[in-house]
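Me: Please take me slowly through a single part of the model shown below. I would like the cut-off behind each term to be stated where the term comes up.

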Amino acid sequence: MTDRNDDNLLQAASRLTTDISPERDLWPGIARAMETPQRAWWTPMLAQAAAVVLLVGGSSAVTYIAVKQPAPPVAQIAPELAFEQVSFGTGYELGDEFVKARHALIAELEVELKRLAPTSRAEVAANITVVQDAIYEINAALEQDPNNTLLQQQLLSAYREELTLLRRVGGLTRNIMMRNDI
Amino acid sequence: MAALLTAYSSDYSRDMVNDRSAPAADEAAWIRQAQQADAQAFERLYRLHVGRVYGICLRMTGNVSEAEDCTQDAFIQAWTKLKKFRGDSAFATWLHRIAVNSVLGRMRKSKRERERIQVVADVAPPTLETGDSGELRDLSEAVQRLPQGARHVFVLHAVYGYSHDETGDMLGIASGTSKAQLHRARRLLADQLQEQGFSE
């Protein structure tokens, strides 16, 4: 196994301690990990890929609908519902102001959807579902990998897409969301 | 060793669990049992090999915390890959290879190693508890000051006795590169130790 030279330095090196006891027992941590089912490495990646596909698909569909459908009369939302610098808070929870504004837009959406033709209404509803599914998928992936920056960015993008969709269909809001809001 | 088997429990004393005298037949049996998902057999293998695995990790990383993480990671990986172990090499060699991969993987991910190297240029590194004494302690500390590539080769080849082919294979470098790194390590160590009266 060895082809070491026998000079003094290498001889001394061969006498260095090779068997060193860790300062603490490492077995309990290993045993815990052994009991935990191994999560396949591709699971978060698959979730990310699914989220990206949903986002891109949803975004494209929204754009298509927006171009195809003449813009309906835009109802201004109450100024107090406008929000800036929303915070998702700990564990990616949405901030109160964000939630209020989002609910207001969704309520407005219900009204606006009724003005659309049934076919268009179904398409818009389907696309909102696509974006909200993406949000759900990304949140699920973040539960597995909370520090994943890509997922955090995708979550932010998904919320942006949702707001863009809501704004295009139902109303107008002023929102400024930044990467560090998460 | 039969007594060890019958007296086995997860909380037996450190003296017992650090028993390094397991005959090859016992180790082979433990490997077979562990391959059948016997966690207790795997713990026996852990107790048998943890000293050398941790030693490799500690001397390669120069950091207690990272060495502990690498050691745990190596044994967790070994557990998941154990069914693939066919005995083509010694179990210890197979395990050490996993440990080296764990160290290299962590170092690739971490900037801490680079920062550590930068720091040691100006500040003496923390003394690692390696169990060496006297001149050997000086040598051990000098090894920690080596640049990463030279240190890894020196540890695997000169300390743990792996050949240049094996060292190169473990580190993902050519055998010739291993030799060159060893030459570099020896030169740097000689320079460091010269003032301390350690003759090459």
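What follows is about the packing of helix 2 of chain A against helix 5 of chain B, and about its surroundings.

Reply: This is a predicted model, in which local features need pLDDT of at least 70 and side-chain atom pairs count only at pLDDT 80 or more, whereas totals for chains, interfaces and linings use all residues. Residues are numbered from 1 along each chain as its sequence is written, and chains are lettered from A, with ligands numbered from 1, in the order in which they are written.

Helix 2 of chain A covers residues 27-35 and helix 5 of chain B covers residues 64-81; their axes lie 9 Å apart and make an angle of about 35 degrees. Axes here are lines fitted to C-alpha atoms, for helices over the stretch in contact, and angles run from 0 to 180 degrees between N-to-C directions. Helices (H or I, at least four residues) and strands (E, at least two) are DSSP runs numbered from the N terminus. The crossing of these two helices is right-handed, a term used when the near helix is turned clockwise from the far one by less than a right angle, while an anticlockwise turn makes a crossing left-handed.

On the side of chain A, the contact is made by G29(A), I30(A), A33(A) and M34(A), and these meet Q72(B), F75(B), I76(B) and W79(B) of chain B; two residues are in contact if their C-beta atoms, placed from the backbone, lie within 7 Å. Sorted by class, the contact holds six nonpolar residues, two polar ones and no charged ones, where Ala, Val, Leu, Ile, Met, Phe, Trp, Tyr, Cys and Pro count as nonpolar, Asp, Glu, Lys and Arg as charged, and the others, Gly among them, as polar.

Y46(B), which lies in helix 4 of chain B, touches residues from both of these helices: leaving out residues up to four places away in sequence, Y46(B) is in contact with W27(A), I30(A) and F75(B). Y46(B) counts as buried because 25 C-beta neighbours lie inside 10 Å; the limit for buried is 20 or more other C-beta atoms within 10 Å, that for exposed is 12 or fewer, and anything in between is partly exposed, with C-beta atoms placed from the backbone. Y46(B) and Q72(B) are 26 residues apart in sequence, and their C-alpha atoms are 9.8 Å apart in space.

Helix 4 of chain B spans residues 39-61 and, with twelve residues, gives the most to the largest nonpolar core, a core being a set of buried Ala, Val, Leu, Ile, Met, Phe, Trp, Tyr and Cys residues joined through C-beta atoms within 7 Å. This core has 54 residues, and A13(A), C57(B), A99(B) and F154(B) have the most contacts inside it. Domain 1 (20-110) and domain 2 (113-194) of chain B both contribute residues, so the core lies between them; the domain bounds come from an automatic or database assignment. Beyond its neighbours within four places in sequence, A13(A) is in contact with L139(B), F154(B), A158(B) and V159(B).

The loop between helix 3 (24-35) and helix 4 of chain B holds A37(B), which has a positive phi of about 70 degrees although it is not a glycine. A37(B) counts as exposed, because it has 12 C-beta neighbours inside 10 Å.

As for the interface as a whole, 28 residues of chain A are in contact with 42 residues of chain B. Helix 1 (8-14) and helix 2 are the elements of chain A that each give two or more residues to this side, whose residues divide into 14 nonpolar, eight polar and six charged.
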